[in-house]
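User: I have just opened this one and would like some help finding my way around. Could you walk me through a sheet in it?

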Amino acid sequence: MLIMFMIRSDRPTSSSLYTIMTLYLIKTTFHKTLSPQDAKKVQSAYCKQVVSDIARKQLGVLPREIIFNKGENGKPFLKNFPSFHFNISHTKNAVLIAVSDSPIGTDIEIIRPYDEKLLKVAKRFFLPKEFEYIAIEEGRQSNRFFEIWTRKEAYAKYLGTGLFTNVDVMSFDVLNPGFNGQIKTFFVEDYVLSVCGAKIVPPRLWNSPPGGIFF
Ligand SMILES: CC(C)(COP(=O)(O)OP(=O)(O)OC[C@H]1O[C@@H](n2cnc3c(N)ncnc32)[C@H](O)[C@@H]1OP(=O)(O)O)[C@@H](O)C(=O)NCCC(=O)NCCS
């Protein structure tokens, strides 16, 4: 396991242990040896362990005090620590973990070619202006498709609703989001990652040294 990088927005003062937001993009190698379903299970358990380690350090508590719980639509949170927020996303060979001091949602996708299948998804689910945004940029359609897609997922996961519920996330304009928060997208190697939260101040980017670093 190797942390590829962290994107981190620090508080203006260094008086607090908390940072406003940290994104951990971690490369995993489970897919080489396991079926996709089993790899996802292992990724899931691994993410929980990482979140637990971060929470213990940030909150200064014992492992037994870290108890995971789930909201109505499945959004995980830590029981007893309402100001500690996190969100998890998995894709092939990588996981993304966002930690923040306010509600947060995040999504990572590996970029694949913009084929007929994705075109149909964009036509069916995206707003006309989002579809146009993808179509207009010859050669960058894949990047743009996954930019829109991950932004919608990150927004849904910020709200905690999921994508296809009674809250109409698909009609939410993720290119000009009109809500009391922000959505940011980052492209790293073959991945696109989006994060949605109350305030995402310009992040700094850490490349991990060989062997990886940990929080
Ligand atoms: C479940 C959902 C929240 C995300 O699903 P996803 O994109 O398949 O998976 P991700 O890896 O990005 O996220 C999964 C993690 O999100 C978290 N999560 C689950 N439900 C959540 C919710 N309602 N809100 C926020 N986070 C949630 C969990 O931590 C989960 O990981 P875990 O099971 O290991 O704990 C939801 O948005 C959904 O239903 N997505 C549909 C995806 C889809 O149809 N994609 C089509 C692509 S073309």
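Analyst: Two strands count as paired if DSSP finds at least two bridges between them, and strands (E, at least two residues) and helices (H or I, at least four) are DSSP runs numbered from the N terminus. This is a predicted model, in which local features need pLDDT of at least 70, side-chain atom pairs count only at pLDDT 80 or more, and totals for chains, interfaces and linings use all residues. Residues are numbered from 1 along each chain as its sequence is written.

User: Ok, what is the order of the three strands in the open sheet?

Analyst: The order is S7-S9-S8, with antiparallel pairing. Strand S7 (104–110) and strand S8 (182–188) are at the edges with a single partner strand each, so one side of each has no neighbour in the sheet.

User: How many bridges join S7 and S9?

Analyst: S7 and S9 pair over seven bridges in the antiparallel sense, and glycine 105 stands opposite cysteine 196 in S9.

User: And what about S8 with S9?

Analyst: S8 also pairs with S9 (residues 191–197) in the antiparallel sense, over seven bridges; phenylalanine 186 has leucine 193 of S9 as its bridge partner, while phenylalanine 187 has valine 192.

User: Is S9 largely enclosed or not, and why?

Analyst: Seven of the seven residues of S9 are buried, so S9 is largely enclosed by the rest of the structure; buried means that 20 or more other C-beta atoms, placed from the backbone, lie within 10 Å of a residue's own. Tyr191, Leu193, Val195 and Gly197 point one way from S9, and Val192, Ser194 and Cys196 point the other way.

Note on methods
A residue is buried if 20 or more other C-beta atoms lie within 10 Å of its own, exposed if 12 or fewer, and partly exposed in between; C-beta atoms are placed from the backbone.
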